[in-house]
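Let's take a walk through this protein together. Please have the viewer open, and turn the model as you read.

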Amino acid sequence: MLKKAYSIIIICSLAMVSGCQNEKDFAEPISFEKVYNITDDLEEVIITTDLFSTTGMSAGDDFLFLLSNEKDTVVRVFNHSDMAYLGGFGTEGDGPGEFFHPYQDGFRIFQGNVLSMMDRRSIRKLTPSKEETQLDRGISLNTIERHKIPGLMIPHWEGSFLGDSSIIGLNQTLNDYQLINYNYKSDTISYLFDYPPIKFTGNQIEKPITFYSKIKFSKDNKKLVMVYQKMPLLRIIDLESGNETYTKIGDTFVSDYLVDSKGYPVEDNTYFYFRVSVSNDYIFASYRKRQNKYFDDKPSETLYLSKNEIHVFDLEGNPKVKFIIDDWMTMFAALPDSKYLIFRHPEKERNLFRYKIPVL
């Protein structure tokens, strides 16, 4: 009788272990077979203008756009084939043609060379003037569209144009949708796409911050790409079919980074992804596992738990290559044809750096 009971316990234990082993996360774990350290392979390009506080970079089919904090030149434009400086445009202010505190959220190419750009009150589509794109002649940008942002969406995190009637970005209202969409033709607001399937029973005010992500769109505007700040997670949404793909770094369950077994947020100031750029064919996501430490009697400090990296995926979420980069290489843009990554050095005002991407 004792032997029989013992056998039953063993069988149940094996079943439990097997069940745990078979339990699946909603995101597929991935790793990179190809790893390149690219720091020593950068080409340094001398430019003819001073770059000081650069807060955003985006590359169109022909031009590289840099967003700055300078009040008299909000955006600088380069010809990305040779990095020639074409000129700058925009002043900070509240008048016609001016930008009211422009910021990097939503600073991206909408299509071709059309720049989607936000300030604290509006969003615009801008395109370089065809008559003013030669070196030493300066450059001007034509405003194709400008729309005021509804109060419900201010501040509009990661806001961007989508299609010919929508402005989309991260949702900050208290519901279970991660994105908010404003149709400026019908003057209506709607909500799109659930948060990742993680049980969350904490304060709803904490939810948008807990699930904060960086957003970009594929160049054909058919796919939405998201990387999460507090999870090593990539999410790709097919905007035509609604199908979603999740991939993650490592074997840890995604929910364990954010919540406990009851769904309450864990006290963890660890961060992973912090920037993303999308070319015609690939996703380039900057990654560094880091932990912020806070103290009552001394300044906070950051502990770096991994190298500074750029993870490259195809538009289906399949891993292609991992680039190891230097600590300063945080501001970057991928050219649409995937030939180069362009980097901005925070301490070198008259330099840009580029890396020729190998065949992926």
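We begin with the protein as a whole and then visit a few strands and residues.

Keep in mind that this is a predicted model. Its secondary structure consists of two helices and 27 strands. If you align the view with the principal axes, the C-alpha atoms fill a box of roughly 95 × 50 × 50 Å. The radius of gyration is 23 Å, and a compact globule of 360 residues would have one near 21 Å, so the two values agree. Of the 360 residues, 52% are buried. Among contacts with a separation of 6 or more, 50% are between residues 24 or more positions apart.

The surface and the charges complete this overview. The accessible surface comes to about 17,800 Å², and carbon and sulfur atoms contribute 49% of that area. On the charge side, you will find 42 positive and 50 negative side chains, with the centres of the two sets lying 3 Å apart.

Now let's zoom in on strand S8, which spans residues 103–111. How many of its nine residues are buried? Seven are, so the strand is largely enclosed by the rest of the structure. S8 runs antiparallel to strand S9 (residues 114–118), and four bridges join the two. They form a hairpin with two residues between the strands, and Gly112 in that turn has a positive phi of about 55°.

Gln111 is a good place to stop here, as this residue belongs to S8 and has Val114 in S9 as its bridge partner. Is Gln111 buried or partly exposed? With a relative accessibility of 42%, Gln111 counts as partly exposed, because burial would require a value under 20%. Gln111 also has Gly60 to look at across the fold: the two are 51 residues apart in sequence, while their C-alpha atoms are 7.5 Å apart in space.

On the other side of S8 in sequence, look at the loop between strand S7 (84–89) and S8, where Glu92 lies. Its relative accessibility is 25%, so Glu92 counts as partly exposed. Setting aside residues up to four places away in sequence, Glu92 touches Lys71, Val74, Glu98, Phe99, His101 and Pro102. Val45 offers another reference point: Glu92 and Val45 are 47 residues apart along the chain, and 28 Å separates their C-alpha atoms.

Further along the chain, we reach a run of strands around S13. Strand S13 covers residues 166–170, and five of its five residues are buried. S13 pairs with a strand before it and a strand after it in sequence. With strand S12 (residues 160–162), the pairing is antiparallel and has three bridges. S12 and S13 make a hairpin with three residues between them, and Gly163 in the turn has a positive phi of about 70°. With strand S14 (residues 177–183), S13 again pairs in the antiparallel sense, here over five bridges. That hairpin has six residues between its strands.

Which residue in S13 can you use to trace both pairings? Try Ile168: this residue is the bridge partner of Ser160, and Ile168 also stands opposite Asn181 in S14.

Two more residues take us a little further along the sequence. Tyr191 sits in strand S15 (residues 188–194). The relative accessibility of Tyr191 is 29%, so this residue counts as partly exposed. Beyond residues up to four places away in sequence, Tyr191 touches Leu152, Asn171, Thr173, Asn175, Tyr177, Leu179 and Ile180. Asp72, by contrast, lies 119 residues from Tyr191 in sequence and 37 Å away in space, C-alpha to C-alpha.

Our last stop is Lys207, in helix H2 (residues 207–210). Is this lysine buried or exposed? At 7% relative accessibility, Lys207 counts as buried, because the cut-off for burial is 20%. Leaving out neighbours within four places in sequence, Lys207 is in contact with Asp176, Tyr195 and Phe200.

Note on methods
Residues numbered from 1 in each chain as written. Predicted model: local features only at pLDDT ≥ 70, side-chain atom pairs only at ≥ 80, totals over all residues. Heavy atoms only, no water. Buried < 20%, exposed > 50% of the residue type's maximum accessible area, 1.4 Å probe, protein only. Pairing = 2+ DSSP bridges. Rg over C-alpha atoms; globule rule 2.2 N^0.38 Å. Contact = heavy atoms within 4.5 Å. Areas by Shrake-Rupley, 256 points an atom, 1.4 Å probe, with all protein chains shown as cover. Lys, Arg positive; Asp, Glu negative; His and termini not counted. Charge placed at Lys NZ, Arg CZ, Asp CG, Glu CD.
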